[in-house]
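Q: I am new to this structure. Please take a close look at one part of it, and walk me through what is there.

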Amino acid sequence: MMIRTTRLTVLLLSAYFISLCSCVTERADQSIQSVDATMDDVISRIYQEVPPSQLASMDEDFIMKFLTPAEKKSFATKYQYFHVNVPATVWLMRHRDQKNIPFWLPESGFVLTDQLVNNDEYEYEVWQKEVAPGQVNLGINGFDMHRPVYFVCVKAKNPGDSLVVENNFPSEYPLSEMRVGAFTYHDWSDLVITDLPSEMEGSVLFTTVRGRAREAHIVNAFRKTETPSSETPDQILLTWSDDPATTIDIQWRKSDTISQGFVEYWLTNSTDTMTNAAEGEQVEDRMLSNDRYIKRFTSRLTGLTPGMKYQYRIRAGKNSGIRTFSTQKTLDSGFSFIWFGDTHRSPQWGELLQKTHELHPDIAFYSVAGDLVSTGLFRDEWDKFFDVSGNVFSYKPLMPIPGNHDRQDGLGAAMYYSLFSLPKNGPADVHPESTYSFIYRNALFLMIDATHPVEEQAAWIEEKLRSTDAVWKFAFFHFPPYNYEEPYPDIQKSWCTLFDKYHVDMVMSGHVHYYMRTKPMNNGQIARSHADGTVYTISIGIGSNHESMAEEPYAEVRYGKGQYYQLMEIENNELKYTAFDDTGAVRDQLLITKKTTR
């Protein structure tokens, strides 16, 4: 089951460091590099000194011999640290199935006990150390990619002492209380502690994310992309970050050796060519051995004429071929768009996408309701996404939202942000391109990142719904509030009540890998008509197969198997919704007509 990322409170970071020989010291060593900076140096040196044929065979013994003393010190002390004001007991819970014990753990004075901590999935052995007041410094989880990373709790050693934990790094993962029912991983908040030693009850728990296993991942970590960058522009992508009637954003990839680029564009059947410069950003995936650095360019075209078709080409190093795009019409007229559920960079989905491009050439844009790829931090996954999608998104804009796989294991969606130029009009506490909105013709689109805190986005959602005069209101977000596998009562309470209040017409989601359309819903109940409720839809852009499915009394149409896309056709006050499978057969259809017109 795929698990939803929960709240990550972002705070200021403090830095205190110690030597490899002791986990506790009063004075931080400011000369020791961070784990991230050390990894950059180590990987660069590996590329220089280790033949490519040996990258896959490096094991922990090789790495320990390869590292310098300073690098070992960083890996032993800079992964996690905090300050305690009184003598304390530190417990470290290490997953028992992890093959190699972190090299620094026994050396730093931790002792393996016979105690165990459990949750519903994993069993952890307990390592313990008594520390004096001062700085506590801990090392990496290992050089492997063992996802159930260790977690820590701390308690005052002497009864009556009041423990204060300060200056904890990384500080974006809040402190909690160690108890039965507590969760340790923010990217799997449903996984809670079921059993722990009694003396740990009430101690300070340092929460974390499973993605931290990647921070020093070297063993079996190196990857290759099947489509490395070159001097020829590729992965050409259209999006909007502003008004679809007068602007468009054009993005592309080039090799890191290309420093500049621009777009030539002109009205179809015109010889009056205009040019627009592009902004370039270096994008790094240091474990991508055959294409570590690329340049991602974005050219934002403004002042375009509404309702017109343009041609364009990219000039940067070698030139691209000629593509086209169309601006939104301003006169009252219909439009259509296509959306997918999870796509996971699947070749099967890529074939379906290219079919839709042939079958529905007049649509305005595409959307994907999250999980575009399977591991969002890996750039080769995005290379695969663009490869299987062909050139479709160089002709029709893609307006996506991230899913939990796009910000894998709670580490954020930095690669996603580097690849997509989207509106920056979302909630103040959410990344500018995670949650956003846009207007197309007479429809409002709320594109919501449900992997961010639910409650912190409610005010923004209400403001957008309250202030719009759009005839149609749509919401896209990855986690479906109504589904039999993993319903989301927090979304139902926080967002669906607003959809009821302001009458959102339809919600589009994915995540659970089956197809479903609800009857109109209001206040958690089936409404009398579409005028009184919101339709919730779930779809899947790759093949799915659910052998058995629990009852869902709110479901109007449901399929446990298949691969789908949805065509939305809007003509003033009429919406025609059609779901097709990969053979082109119509599997679901709905017509909604509003009494009001615009």
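A: What follows is a look at one run of strands, and then at the nonpolar cores. The model is predicted.

Start with strand E35, residues 574-581. This strand is mostly covered. Six of its eight residues are buried, that is, under 20% relative accessible area.

E35 has a partner in strand E34, residues 564-571. The two pair in the antiparallel sense over eight bridges. Gln 566 stands opposite Ala 579 in E35. E34 and E35 form a hairpin, with two residues between them. In that turn, Asn 572 has a positive phi of about 55°.

Now take strand E36, residues 586-593. Seven bridges join E35 to E36, and the two run antiparallel. Here Tyr 577 stands opposite Leu 590 in E36. E35 and E36 also form a hairpin, with four residues between the strands. Gly 584 takes a positive phi near 90° in this hairpin.

Next, the cores. In soluble globular proteins, nonpolar side chains tend to be buried together. The largest nonpolar core holds 112 residues. Ile 250, Phe 445 and Phe 499 touch the most other members. Helix H9, residues 489-502, gives the largest share of this core, six residues.

Look at Phe 499 itself. Beyond its neighbours within four places in sequence, Phe 499 is in contact with Ile 461, Leu 465, Ala 475, Phe 477, Val 504, Val 507, Thr 534 and Tyr 536. Another core, of 61 residues, lies apart from the largest one. Among its members are Met 64, Phe 75, Ala 88 and Val 90.

Definitions and conventions:
Residues are numbered from 1 along each chain as its sequence is written. This is a predicted model: local features need pLDDT of at least 70, side-chain atom pairs count only at pLDDT 80 or more; totals for chains, interfaces and linings use all residues. Side-chain values use heavy atoms; hydrogens and water are left out. A nonpolar core is a set of buried Ala, Val, Leu, Ile, Met, Phe, Trp, Tyr and Cys residues joined through side-chain atoms within 4.5 Å. Buried means under 20% relative accessible area, exposed over 50%, partly exposed in between (1.4 Å probe, protein chains only). Contact means heavy atoms within 4.5 Å. Two strands pair if DSSP finds at least two bridges between them.
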